[in-house]
Amino acid sequence: MEEMEELERCIMELVVNGGNARSIAIEALRAARDGNFEESYGKMKEAEDTITQAHNIQTALIQKELNGEKTEGGLLMVHAQDHLMNAMTVIDLVREMIEILQKHSQTP
């Protein structure tokens, strides 16, 4: 039972960190849209740190599975992976959009 509780904790951390990272990246984009690039880059650093926490959990789960400890692949795990991958995609796109906005803000 303890093993299942640990897995559920990991799943919830993936969901929370993935969701938080995505939200922070959107905040970064909004700051860039408003011309506040210093805040924007700070938010992106925060989003990247948050997604790294989630990615570390995912990596630990993958390593356990590679070592023969099967992970339950239920709907909660799929949901957690969706959150993580969505956040990673949003962070990548926001990073590019901020660069575009910054370049356009410097154009006379």
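This text describes how the helices of the structure pack against one another and what lines its largest pocket.

The model is predicted. The chain has an average pLDDT of 93, and 98% of the residues score at least 70. Confidence within the chain is lowest in α1, where the mean is 93, and highest in α2, where it reaches 95.

Two packed helices are described by the angle between their axes and the distance between the axes. The helix pairs are taken in turn below on that basis.

For α1 (residues 2-33) and α2 (residues 37-66), the axes come within 8 Å and cross at roughly 160 degrees. An angle over 145 degrees counts as roughly antiparallel, so α1 is roughly antiparallel to α2. The crossing of α1 past α2 is left-handed. Sorted by class, the contact between α1 and α2 holds 16 nonpolar, seven polar and five charged residues.

The path continues from α2 to α3 (residues 75-106), and the axes of these helices come within 10 Å, crossing at roughly 155 degrees. This angle makes α2 roughly antiparallel to α3. Their crossing, too, is described by its hand: α2 and α3 cross in a left-handed manner. Here the contact comprises 15 nonpolar, six polar and three charged residues.

The remaining pairing is that of α1 with α3. These helices pack at an angle of about 20 degrees, and their axes lie 8 Å apart. Because angles under 35 degrees count as roughly parallel, α1 and α3 are roughly parallel to each other. Again the crossing is left-handed as α1 passes α3. The contact of α1 with α3 contains 21 nonpolar residues, together with six polar and two charged ones.

Attention now turns from helix packing to the surface of the model. The largest pocket has a volume of about 210 Å³. Its lining consists of E3, M4, E6, L7, C10, L61, K64, E69, K70, T71 and E72. The elements that contribute two or more residues to this lining are α1 and α2. Of these, α1 supplies the largest share, with five residues. By class, the lining of the pocket has four nonpolar residues, one polar residue and six charged residues.

Taken together, the helix pairs give a consistent reading: α1 is roughly antiparallel to α2, α2 is roughly antiparallel to α3, and α1 and α3 run roughly parallel to each other.

Key:
Residues numbered from 1 in each chain as written. Predicted model: local features only at pLDDT ≥ 70, side-chain atom pairs only at ≥ 80, totals over all residues. Heavy atoms only, no water. Axes fitted to C-alpha atoms, helices over the stretch in contact; angles between N-to-C directions. Helix = DSSP H or I, 4+ residues; strand = E, 2+ residues; numbered from the N terminus. Parallel < 35°, antiparallel > 145°, perpendicular 65-115°, else oblique. Left-handed = near helix turned anticlockwise from the far one by under 90°. Nonpolar A, V, L, I, M, F, W, Y, C, P; charged D, E, K, R; others polar. 1 Å grid on protein atoms, 1.4 Å probe; cavity = no way out; pocket = protein on both sides within 12 Å on 5 of 7 lines; lining within 4 Å. Points joined across faces, edges and corners; volume = space filled by probe spheres on them. pLDDT = per-residue confidence, 0-100.
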